[in-house]
Amino acid sequence: MRNKLDDDNLKLYTYTYSVSDKFNFETRNVAKKKLVYIFTESLSDMGLKNMNSIAFQITLFVIILSLWARLYMHYFGQYLAVLMFGIPVSQFEAKWYTVVLYYEVY
């Protein structure tokens, strides 16, 4: 048979309330800490002492190429979205370093 527990047996008077402080030092700048971790780990994985290796140079080339391609994919997607909504496009000019997109604003 189960024993009934009352407040005296649980000693509830020894417990206190706990409310999370909005300035919690443990979870402060979590995004910044994660980005620093990713950056330092990727640099250590690439091995800066092996800069002359072909693996390092291919990795660096792929990173730069992906950042460059991201720019064109973003603006091309924006161009398609503007056309899909029926907004007239004044100018769409792709250069090797940037994309110029002008459209009407309602």
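Q: How much area does the protein expose, and what share of it do carbon and sulfur atoms supply?
A: In this predicted model, the protein exposes about 10,200 Å². Carbon and sulfur atoms supply 63% of that area.

Q: And what percentage of the residues is buried?
A: Of the 106 residues in the protein, 8% are buried.

Q: Which residues form a nonpolar patch on the surface?
A: The patch consists of Ile54, Ile58, Phe61, Val62, Leu65 and Trp68. Together they have about 630 Å² of accessible area.

Q: Take Ile58 from that list. Which helix is it found in?
A: Ile58 belongs to helix α3, which covers residues 54-84.

Q: Why does Ile58 count as partly exposed?
A: Its relative accessibility is 48%. Ile58 is therefore partly exposed, because that class lies between the 20% limit for buried and the 50% limit for exposed.

Q: Changing topic: how many helices and strands are there, and in what order do the elements run?
A: The secondary structure comprises 3 helices and 2 strands. Read from the N terminus, the order is α-α-α-β-β.

Q: In which sense do β1 and β2 pair?
A: Strand β1 (residues 89-94) pairs with strand β2 (residues 99-103) in the antiparallel sense, over 5 bridges. The two strands form a hairpin, with 4 residues between them.

Q: Which residue in β2 does Glu93 stand opposite?
A: Glu93 stands opposite Val100.

Q: Last one, on contacts with a separation of 6 or more: what share comes from residues 24 or more positions apart?
A: Such residues account for 20% of those contacts in the protein.

Notes. Residues numbered from 1 in each chain as written. Predicted model: local features only at pLDDT ≥ 70, side-chain atom pairs only at ≥ 80, totals over all residues. Heavy atoms only, no water. Pairing = 2+ DSSP bridges. Patch = residues over 30% accessible without salt bridge, like charges linked within 9 Å, V, L, I, M, F, W, Y side chains within 5 Å. Areas by Shrake-Rupley, 256 points an atom, 1.4 Å probe, with all protein chains shown as cover. Salt bridge = Lys/Arg side-chain N within 4 Å of Asp/Glu carboxyl O. Buried < 20%, exposed > 50% of the residue type's maximum accessible area, 1.4 Å probe, protein only. Contact = heavy atoms within 4.5 Å.
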